[in-house]
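Colleague: I should be grateful for a close look at one helix of this model and at what surrounds it. Please then set that part in the context of the rest of the structure.

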Amino acid sequence: MTTLSYGNGISCELDAGRITHLRVSPEAASDQMHANLDVIAEMRAALAEPMDYPPLSDATVPGDKAVIALAQGVVCPLEVVEGAFLALRDAGVESEFISVIVPKNFAREDQLRQLLKSRHSEDCLLLKHDPDDTNATAMIGVTRNGQPIRINRLLSDADVVLSIGSSSEDTSSSFNGLFPRFSDRETINRVEAPLATEDSSLLQERQQEILESGWLLGVGLVVQIIPGLGDKVAQILAGETKKVFAESERIYRELWSCPTAEKADLVIATLTGDASEQTWQNLARVLRAASPLLSEGGSIAICSEIDQLAGQSFQAFVDHEDYDVISREIVRDQHGDSGAAWQVCQALRRGSVYLLSHLPDAWVESLGITPIAIDQELDRLAETHRHTIVLEDAQRLLPIEYDNA
């Protein structure tokens, strides 16, 4: 009997034949479990003594306007923001001069607003960035390749920007939490387009553009949150941008790498976390983690609580069955869901994809994906395959193949 967890604390059991359960090592899991004792205190301590950077108090003067920029996907967001708020207060920044900006799809806006007002300051501004508002961004400069860099006006007008990012498999620099997420819609779609992430030369240009955005904004100190199991924080790093990026990447890979020498004809992957984690972007990460573990023609089943219909790029799937044609169409798309649509298309080119979600069955089927309605169907699916690999926390897990010969 194999128990797996998905979504916001949901679990189910598989009573099938040969199952290999891949997860973080017991040692890493133990470390992560003990790392989430006091996120607020850890944040204050990290900013009081940053790595390779002066204390936050040395970077501020009375009257400075400070903005806390919270990236998408940061675990324990309320505690993280409160810790950053108190760290700025510790550094001498007055409460009325501290603002917080969050992404458009941040799910806990009301709770964060109430926390800031009730415990710290009635005057604290909490802004949800709207990339579709043409007046919300300002140009702060031009990259070496001539690309204009636009960023939310709250950030461009700030004296101090405290960027809080989240480590993941596709983090390319410590500025990913800022750009392009807090830019305009056109820039976001261009930088995150499938062609920009799959073409090596375009990928390098994209990464350089992200770096230059941070330099143009004048950000020298960043915070990186390394996620632990479930909704826990494994570690908080603060300091000079290059140092934080290198160290956070090392720790993330150490915690989340999972070596395996096996392949299977079915991979069951779970998408864990609350509503803010149940996104098509994370589903794409799940597919990317699962695909290398498949035998030729194998299938992927994803357990999630996704309830939001995907966007424009997924229209290419409707009434089409030639995934080579769909792939060529999507790869040059520049829509918010283009990257996720491209990953889904690549998975469907390789084999069948099954999805447990809160989406309408007919809509899921229109994409060429087979919906799973209940846990028992997942168990029956596993019984029909010779070997099943289960990946938990698959949007974060890094399966690494090795040769055991």
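**Helix H4 and its surroundings**

Modeller: The cover over the buried residues of helix H4 includes helix H3 (77-90), strand S5 (98-102) and strand S6 (125-128). The model is a predicted one, and the account that follows should be read accordingly. Helix H4 itself spans residues 109-119, and its buried residues are Glu109, Leu112, Leu115 and Leu116. These four lie on the same side of H4, because the arc that they cover around the axis is only 135°. Asp110 and Gln114, by contrast, are exposed on the other side of H4.

One of the buried residues of H4 also leads into a nonpolar core. Leu112 belongs to a core of 39 residues that also includes Leu78, Phe106 and Val223. This core is separate from the largest nonpolar core, which has 72 residues. In the largest core, the members that touch the most others are Leu155, Leu178, Trp280, Phe314, Phe317, Val344 and Leu391. Helix H12 (residues 338-350) makes the greatest contribution there, with seven residues. Phe314 shows how such a member is placed: beyond its neighbours within four places in sequence, Phe314 is in contact with Trp280, Asp337, Ala340, Ala341, Val344 and Leu367.

Trp280 provides a link to a residue of another kind, Gln308. Leaving aside neighbours within four places in sequence, Gln308 is in contact with Trp280 and Leu359. Gln308 is located in the loop that runs between strand S14 (294-303) and helix H11 (323-330). Its relative accessible area is 51%, and Gln308 therefore counts as exposed, the cut-off being over 50%. A distance leads back to H4: the C-alpha atoms of Gln308 and Glu109 are 18 Å apart, with these positions 199 residues apart along the chain.

It remains to consider the enclosed space. The structure contains one cavity of 30 Å³ or more, and the largest cavity holds about 80 Å³ of space. Its lining is formed by Ser167, Ser168, Glu169, Thr171, Gln224, Phe245, Ser248, Glu249, Tyr252, Arg253 and Leu398. Helix H9 (residues 241-256) supplies the largest share of that lining, namely five residues. Sorted by class, the lining residues of the largest cavity are three nonpolar, five polar and three charged.

Conventions: Residues are numbered from 1 along each chain as its sequence is written. This is a predicted model: local features need pLDDT of at least 70, side-chain atom pairs count only at pLDDT 80 or more; totals for chains, interfaces and linings use all residues. Side-chain values use heavy atoms; hydrogens and water are left out. A nonpolar core is a set of buried Ala, Val, Leu, Ile, Met, Phe, Trp, Tyr and Cys residues joined through side-chain atoms within 4.5 Å. Buried means under 20% relative accessible area, exposed over 50%, partly exposed in between (1.4 Å probe, protein chains only). Helices (H or I, at least four residues) and strands (E, at least two) are DSSP runs, numbered from the N terminus. Contact means heavy atoms within 4.5 Å. The arc is that of the directions from the helix axis to the C-beta atoms. On a 1 Å grid over the protein atoms alone, a cavity is a set of points where a 1.4 Å probe fits but cannot get out, and a pocket is an open set with protein on both sides within 12 Å along at least five of seven lines; lining residues have an atom within 4 Å of a point. Grid points are joined across faces, edges and corners, and a volume is the space filled by probe spheres set on the points. Ala, Val, Leu, Ile, Met, Phe, Trp, Tyr, Cys and Pro count as nonpolar, Asp, Glu, Lys and Arg as charged, and the others, Gly among them, as polar.
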